[in-house]
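Me: I am about to look at a protein model with a ligand. Please take my questions one at a time.

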Amino acid sequence: MLRKLLKASMLLAGSAFTAMSLSAQSDTIIITSGNPLFTHKYTADPAALVHDGVFYLYAGHDQCPPDRERYQLHEWLVFSTTDMKTWTEHPVPLRAKDFAWAKGDAWAAQVIERNGKFYWYVTVSHADIHGKAIGVAVSDSPTGPFVDARGSAIITNDMTTEYTKISWDDIDPTVWIDDDGQAYLIWGNTQCYYAKLKDNMIELDGPVMTFDLPRFTEAPWIHKKDDWYYLSYASEFPEKICYAMSRSVTGPWEYKGILNEIAGNSNTNHQAIIQYKGQWYFVYHNGAVNTAGSSYRRSVCIDYLYYNEDGTMKRVVMTTEGVDKIQ
Ligand code: FUB
């Protein structure tokens, strides 16, 4: 670790945007000063993982050129911290082109660990089957490098046409391993889908099923606290984050309302929720970095998440100060 730190170059948040199009070749230390976290490149669609006492943040890299207004992401990024202020950006761990069957679009994704391996479920566009698809990559390390675990998509658009004819409904995977060891893949746009995963984490173990969630747009995320399961998701457009609660990961889900309001200057508002060192964190993105931030040039932010005594969640207060340094 010490050698890595010595090798790393220092990059202060708030520095010029010249590194935006560069890929990290070695570990880079970034001292963050608030929200948005990073100002040297655009980061979107956060996912979070805590492993061996380290907080890992995964994000898509928004690379939309100045003369375009569209989602343009070719790779995913990984950052880690142990104090919530000093972040290490690791070399790019995975690109859309690492899936030979995909034609691009590094959309939302999530990493989960099982039996010492790290599985990264990603959204991409399929090269041969019209529409978005979900792939899964694997690594022995949370920072990669990751490789395609199957050589094919685990979910394709033609598997869900009975629910909706749109081509972008098979996006935004989240994965949950329940207390009995059963893993679930949950995803969707317009319709929220779920399916059991086999123990190998790279094959479905049953049919595609659906959750009924009011005004569901996309970005499902499952977490659990005490005996409650929480399914948070992006709702309507521009997106707020809403959530539902259940005693079981397969529902039924009871809608509980808005968790986070529309995030500044971005139509999307893609959340991850995780506990680290005793504190709950709400990770999301907005379009508020520098003067060029927008719905297609997004930036990850982190704020605190608090619960009420009955287990419901308090509405998130989005801040520019962000969260405090911890030991
Ligand atoms: O980044 C592309 C798409 O925008 C994601 O897949 C959605 O969740 C939305 O944030």
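Me: Which residues are around the ligand?
Reply: This is a predicted model, where local features need pLDDT of at least 70, side-chain atom pairs count only at pLDDT 80 or more, and totals for chains, interfaces and linings use all residues. Residues are numbered from 1 along each chain as its sequence is written, and side-chain values use heavy atoms, with hydrogens and water left out. A residue is near the ligand if one of its heavy atoms lies within 4 Å of it. By that rule the residues around the ligand are Asp 45, Leu 73, Trp 107, Ala 108, Asp 172, Glu 218, Thr 268, His 270, His 285 and Arg 298.

Me: How many residues of each class are in the shell around the ligand?
Reply: Ala, Val, Leu, Ile, Met, Phe, Trp, Tyr, Cys and Pro count as nonpolar; Asp, Glu, Lys and Arg count as charged; the others, Gly among them, are polar. Sorted this way, the shell has three nonpolar, three polar and four charged residues.

Me: What is the distance from a ligand oxygen atom to an N or O atom in the side chain of Asp 172?
Reply: A polar contact is a pair of N or O atoms within 3.5 Å; within protein, one must be able to donate a hydrogen and the other to accept it, and residues adjacent in sequence count only if both atoms are side-chain atoms. A ligand oxygen is 3.3 Å from a polar backbone atom of Ala 108. For the side chain of His 270, an oxygen of the ligand is 2.7 Å from an N or O atom. For the side chain of Asp 172, the value is 2.6 Å.

Me: How much of the ligand's accessible area does the protein cover?
Reply: Accessible areas come from the Shrake-Rupley method with a 1.4 Å probe; for residues, only the protein chains shown count as cover. On its own, the ligand has 280 Å² of accessible area. The protein covers 99%.

Me: Which strands stand at the edges of the open sheet E21-E22-E23?
Reply: Strands (E, at least two residues) are DSSP runs, numbered from the N terminus. Two strands pair if DSSP finds at least two bridges between them. In this open sheet the pairing is antiparallel. Each edge strand has a single partner, so one side of it is left without a neighbour in the sheet: these are E21 (272-276) and E23 (299-304).

Me: Which residue in E22 is the bridge partner of Ile 273?
Reply: E21 and E22 (residues 279-286) pair in the antiparallel sense over five bridges. In E22, the partner of Ile 273 is Phe 282.

Me: Why is strand E5 largely enclosed by the rest of the structure?
Reply: Buried means under 20% relative accessible area, exposed over 50%, and partly exposed in between (1.4 Å probe, protein chains only). E5 spans residues 73-81. It is largely enclosed because the number of its nine residues that are buried is eight.

Me: Which residue in E7 stands opposite Trp 76?
Reply: E5 and E4 (residues 54-62) pair in the antiparallel sense over seven bridges. There, Trp 76 in E5 stands opposite Gly 60. E5 also pairs with E7 (residues 94-95), antiparallel over two bridges. In E7, the residue opposite Trp 76 is Leu 94.

Me: Which residue in the turn between E5 and E6 has a positive phi?
Reply: E5 and E6 (residues 86-89) pair in the antiparallel sense over three bridges. Across them, Thr 81 has Trp 87 as its bridge partner in E6. The hairpin has four residues between the strands, and phi is about 70° in Met 84.

Me: Which residue makes a polar contact with the side chain of His 223?
Reply: His 223 is in strand E17 (residues 216-225). At 4% relative accessibility, it counts as buried. A polar contact of 3.0 Å joins its side chain to that of Tyr 307.

Me: Is Glu 236 buried, partly exposed or exposed?
Reply: Glu 236 is in the loop between E18 and E19. Its phi is near 60°, a positive value in a residue other than glycine. With a relative accessible area of 34%, Glu 236 is partly exposed.

Me: What is omega of the cis peptide bond that joins Phe 237 and Pro 238?
Reply: Pro 238 lies in the loop between E18 (228-235) and E19 (240-246). The bond from Phe 237 to Pro 238 is cis, with omega of about 0°.
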